[in-house]
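Okay, thanks for making time, everybody. Let me put the model up and then walk you through a few parts of it.

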Amino acid sequence: MSHDINNIEGRHRLGSNLQSHRSLNDDNSTTQTSNWLKEQEVIPSFSTWNSYPEDQILHHNPPPSYDRQIHAPLVFKTFSPQGGESSRSNPNCSNYPSSSSSYTNIHNLSEDQVIRVVEVLGKILDDVKVDIQGTVINSTDIDDLIPPTFLEEFNKLLNDSPLPHQDIPKPAVIKTVSQLRHYLCDDASISQTTEIYRCVFNFYCQMTAFLTVAQMFFEIVTKELLCDNADDVFAKRRMEGFMNIFQDDDNAFIHQATNNTGNYNVLGGFIWYYQLIHPRGDYCHDLSLRLRSLSIRFATSTSIESILSMFYTKYFLNVFAKEHQKDHGQFYTPREVMKFMWDRALFGKGIGTEVDKLLGFYPQNCHGLDQTHDGSSSCGHLPDVPSVLDPCMGIGSFLCEFINRLIVAAQQTPSVWNNPRALVHLIQSIAKKIWGIEIDGFAFHLSKLNIALHIIPLYKRLLWFPSSIPFKLPPLQLFCNDTLNLYLPKAVNSWEYKCLSLLRSPQKLKFDYIVTNPPYMIRKTGFISEPDSELFDERILGKGGMQAYAYFFWFCVERCKEEDGEMCLISASQWMGLEFADKLRAWIWQQCHLIEFFQFEPFKVWRKIQTDSLIFRLRRRKVPINPNCSNPVPDSHSSNPVCFLRYMNRKATLQETLKAYSEFNPKNPDNSDMHYKLTDPHPKTILPLKTSSFSFTFLMPTSAVSEWLHSRTSNLPSLCDHSSLKSTWQEQNPLVWHRGPNTTPVYALVVRTAWAHSKFGSAVCQKWLRPVFYWNGKNGGKEAEFWQKMGDELRLEKKENSPAEAYVPFLGTKQKTMRDKSGYSLIMVDREGVDKVREEFGEESEFWKFLKEARKYLQTSMNSREIVFCGTSKCGVDIKTKIIHPINYGYFTKNQPRQRFFVDEDSVCVTNQCIYFTVKTTTRLSPYFFLGMLNSTTIQHFLAHHCKYDQQGRMRLFRESMAKIPYAPPTDLTTIEWFVECVRKMVRIRRMLFEGLTFCDDADKVGSTIIENLRRGTWGLTGREWEKERSEESDGNRVVLTEEKEGNWVTVKKRRGHGDGVEYSMYPESTGRDEVMVCEIALPRATTTITTQRIFRNTCMTKTQSMRNFFETLLYASACLQYAIDQYTYSLYGIEATAQESLEAELKLEVPEGITETRPRWNGVSGNHTGRLGNVVVRGYLPTWSDQLFREVNQTLNEGQLTLAERKRAT
């Protein structure tokens, strides 16, 4: 049944009041014709309507870089076409005083105001929650008012609620309200089951209170948007009139007791309390007063999304995640980002102004709504709203932003704004053309409220016209469903069934615009369902481990109109290069035009999300790319290059970053903070097929030196092959990439070695445990509870940093830990080992009991297993020598500026925390050769380029990424031997450094200082632990004794010590500052023949201070060796001095001048340089200072050995 928009308020009265109101504003007015609106009204502007700021106007011909600031339209004030404005927004409100003097109309709430509004909603929620609890527990006379769905929802929550302990049985379902009341009120028999009932009831009351407050807030805002005074009777009548234009299932104030459609009335078990208290209006009035106390009145819907999303996140999502340990991966998009995304989508679609694109005028035949009441026709133009889809709409913010733009476009188009038939058609088009899907019932309900609020400006405009047009909206195309499955309702002939069937068939339903923010979550670990194989191609998306947003990419591309449709999405950027999305990228490349990409650093879009974000725009191709076509035809639909922008100003706000992106013009790139790259589209650019990864990283901007280096090395072989893909190995690729096994559950199969010996005994540990390179990356959670139950609270006491360091791992400062190589061991029980453990030790042994308990506690779904076990074939225990590195590196920083590959020669196990390389038997080079190369600056550049997955620079060393690193094989045997010896000396020096830490006071603190200097290539030790030594140094308390051979005697000469500011030399020479003072001590010749330098200090020095010279000389030697390793690798790849410096600057590495002054860089010209001998490329360079370096390093190694020997004797 259609609804007359003026029936409730009185059609005749409204018309006469409007006529009277016009006369009051113009003393000379004459009788107005029925066509007065069309004659007098012009394109709305700030001076005319005073209904939106100037920057809300949709510019008809914006330049490409123009930043269009489109705000939500204000609900207009009553306007007299003869001039002037009404003092009230409604002529029928003349009997009520305006309340504008007591509070201010707010167009855009500040962030602080939004927070305060949400706090008010939260306080009301707390009061309502207490009232709900008391109502259910104490009011037995309302049992008949509580719907059956109350118990249905309560039992669903009970079933989904996690148990505090695995051995607690699942509580029985509640069948009656009185039964629940008994558990809630009976304090005499407190049990764990009772506590579960109470926790679930508390959460249910939170959800019901949340929905109740949301309804009340919607009611207040609706009244304020429709009328000046939200408390009067007229406002209530007008609100009811507005809501009656919706179908019953879309009316927020009509809630059926049963759910017949399977879609809309999904919250019947939570809405009953609002229906119960709504007639009283106590809480609603209280909420209105509290909002008014903030001097806030809602004159626009601008801030509604911010309030609803913050309220929903804080009082529902966060509570839900905490109670149920589940997460939908929902992060609500800032409004500035939504506006930017719609700007890009609308700007990119076709030709014409934005108003044309939004309203899409088309001539109508004279029928239906385009007829006058007397039957005569008045053909005109009715708006043709484009179709829009948001497949994960949340609270509907993206759809509401689109509605805002429609309304602003209508306000600027007199043929629509002055035509009631066009306005009705526009409202009905919104209901028909805007589609949305949301899995969460509460967010879905908020989305309907949100969209209803955003339609109010159009409805209120209709109230201005003296004549009425009866109309009823069709059902809103919004569905509470799972996009990954699109479940069909049982009623085959229902409207919802037909709509969802269309959505399931992309050939039948496609959209003009798809603008959305897909959920961010790994499907196999998050609260994400198994996708329907009829909707998604598992050959492209895989069966598990895929990020949830990848499925939404597929869903959007499939349902976008070919060539004319626009997609704009925001997601994390990992999919651009990581291995999990290889096939997806290839499919997107074939199916879509890639238009533009905008990258945001971590925390920029979402303050608490430590991942970078990527806004990107795609357009579906009509004819997909045929990868097998050898002579592709140029694409006439897209000749513009693909644009990738990355704003590098980290101090810029989100708004400043968006503005920089909007204003950027590639033809005039005058912003030095903007890194960009333009890439020709297909077929000029072919998707790189190297290693079959189909990476999109080639689209990203790189530096000039990077471009040069990658072009120079493009023909080189790959660094590695995959251990599991032996059939694809290339002979010229020297290394094999491995990853440690997935020891699920890792927190049970990796144990502290000391605890395992005390728990299981030496026999078990010798048979089934092996040392493992591991660090604890977690504390707390059910795993910590498990270890507390097992009696080892230290296992997950705190998070640990990775012990990986370049060349040699740093396993701690305790001598026992260093002897044992690791404080952890891996339990080597695999599937075949289960029966062996049973036979050898029996089911009553502590070892068996532990494995059984671990399976029960940490593998709750694997009931078919008796004990926990894992595959251990890839742990590397049978490999004598391997080069190891953590698979997740993080990113290069000032304190961690380099990669950390180290060598293992003791068959230590690794888990999937690490990758490791082995050298192919066909490669006749030492593992130490590759250890040096992998730790070089050259390889660091390739790691940062190929393995980086976000703007912050975090890396994952997956095989597909590592295989992109080129390998430059050496050709000169002599230089190879020298380079290998450099690396061996580096290993020796670092082992001595770590051993020296065991002789220091506060070894852990000193160790941190040494590690930091070691990573940064510095050697000057400063800090409180060294200050005492500095202050006490003088000619009287610090001397250098130099042993010099004279025949069969060694004369010890006393020299002054080095002062502050004098750099240490590994082979110091006499200077004016180091003069011989005494030559008086003669000792028998020592057994060693190497000249040594020892430092003796007074007895008041600490152990740490006495080791200072030992550490500084070794740190200096390490820095020099790293420089030598870098220079040799540069020569392998042909990187000369100027390019070296550019590369190091790009990586923010600093090479101290004290090293480069006496050791010049390789510049491509020397006696042994990279070049050609005939047709053979010569790679590898022996520096002119190579012999001098080795003499100095050997000197330092010998001195260090003597110092360590002395310390050992002293202890």
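Let's start in the middle of things, with a strand pair. Strand S17, residues 769-773, is joined to S18 by three bridges, and the two run antiparallel. If you want a landmark there, arginine 770 stands opposite leucine 826 in S18. And before anyone asks, yes, this is a predicted model.

S18 has another partner too. Strand S16, residues 750-752, pairs with S18 over three bridges, again in the antiparallel sense. On that side, valine 751 is the residue standing opposite serine 825 in S18.

So which way do the side chains of S18, residues 824-827, point? Tyr824 and Leu826 go one way, Ser825 and Ile827 go the other way, and all of them are buried. For background, side chains in a regular strand alternate between the two faces of the sheet.

Okay, zooming out for a second. The chain has 1211 residues, and 57% of them count as buried. DSSP-wise we have 41 helices and 30 strands. Take the contacts between residues at least 6 apart in sequence: 77% of those join residues at least 24 apart. The exposed surface is about 51900 Å², with carbon and sulfur atoms supplying 49% of it.

Next, a sheet. This one is open, has five strands with mixed pairing, and the order is S14-S15-S23-S19-S21. Which strands sit at the edges, pairing on one side only? Those are S14, at 720-722, and S21, at 902-904. From one strand to the next, the twist averages 35 degrees.

Inside that sheet, S19 (residues 882-886) and S23 (residues 914-919) run antiparallel and are joined by four bridges. One specific pairing to click on is isoleucine 883, whose bridge partner in S23 is phenylalanine 917. There's also a helix on this sheet: H31, residues 927-934, lies across S15, S19, S21 and S23, and runs at about 25 degrees to S19.

Now for helix pairs. The usual description of two packed helices is the angle between their axes plus the distance between the axes. I've got two examples.

The first is H23, residues 704-712, with H32, residues 937-946: the axes come within 12 Å and cross at roughly 100 degrees. That crossing angle makes H23 roughly perpendicular to H32. On the H23 side the contact uses Ser706, Leu709 and His710, and on the H32 side His941, Phe942, His945 and His946. By class, that's two nonpolar residues, five polar and no charged.

The second is H25, residues 753-760, with H30, residues 846-858. Here the axes come within 9 Å and cross at roughly 120 degrees, so H25 counts as oblique to H30. Who makes the contact? Trp755, Lys759 and Phe760 from H25, and Glu846, Phe847 and Phe850 from H30. This set divides into four nonpolar, no polar and two charged.

Last part, backbone geometry, since I know some of you will go and check the torsions. As a reminder, most residues other than glycine have a negative phi, and most peptide bonds are trans.

Which peptide bonds are cis, then? One runs from histidine 682 to proline 683, with omega near 10 degrees. Proline 683 is in the loop between S13, at 674-679, and H23. Another runs from threonine 744 to proline 745, with omega near -10 degrees, and proline 745 sits in the loop between S15 and helix H24, at 746-749.

For positive phi, look at serine 295, at about 60 degrees although it is not a glycine. Serine 295 is in the loop between H10, at 282-293, and S2, at 296-298. Then there's leucine 486, with phi near 50 degrees, in the loop between S7 (477-480) and H18 (495-504). Are these two buried or partly exposed? Serine 295 has 34% relative accessibility, so it counts as partly exposed. Leucine 486 is at 0%, so it counts as buried.

And one actual glycine to finish: glycine 542, in the loop between H19 (538-541) and H20 (548-558). Glycine 542 is partly exposed, at 26% relative accessible area. Leaving aside neighbours within four places in sequence, glycine 542 is in contact with Asp537 and Tyr551. The C-alpha atoms of glycine 542 and phenylalanine 580 are separated by 8.8 Å, with the two positions 38 residues apart along the chain numbering.

That's what I had, thanks.

Definitions and conventions
Residues numbered from 1 in each chain as written. Predicted model: local features only at pLDDT ≥ 70, side-chain atom pairs only at ≥ 80, totals over all residues. Heavy atoms only, no water. Axes fitted to C-alpha atoms, helices over the stretch in contact; angles between N-to-C directions. Parallel < 35°, antiparallel > 145°, perpendicular 65-115°, else oblique. Contact = heavy atoms within 4.5 Å. Nonpolar A, V, L, I, M, F, W, Y, C, P; charged D, E, K, R; others polar. Pairing = 2+ DSSP bridges. Buried < 20%, exposed > 50% of the residue type's maximum accessible area, 1.4 Å probe, protein only. Areas by Shrake-Rupley, 256 points an atom, 1.4 Å probe, with all protein chains shown as cover.
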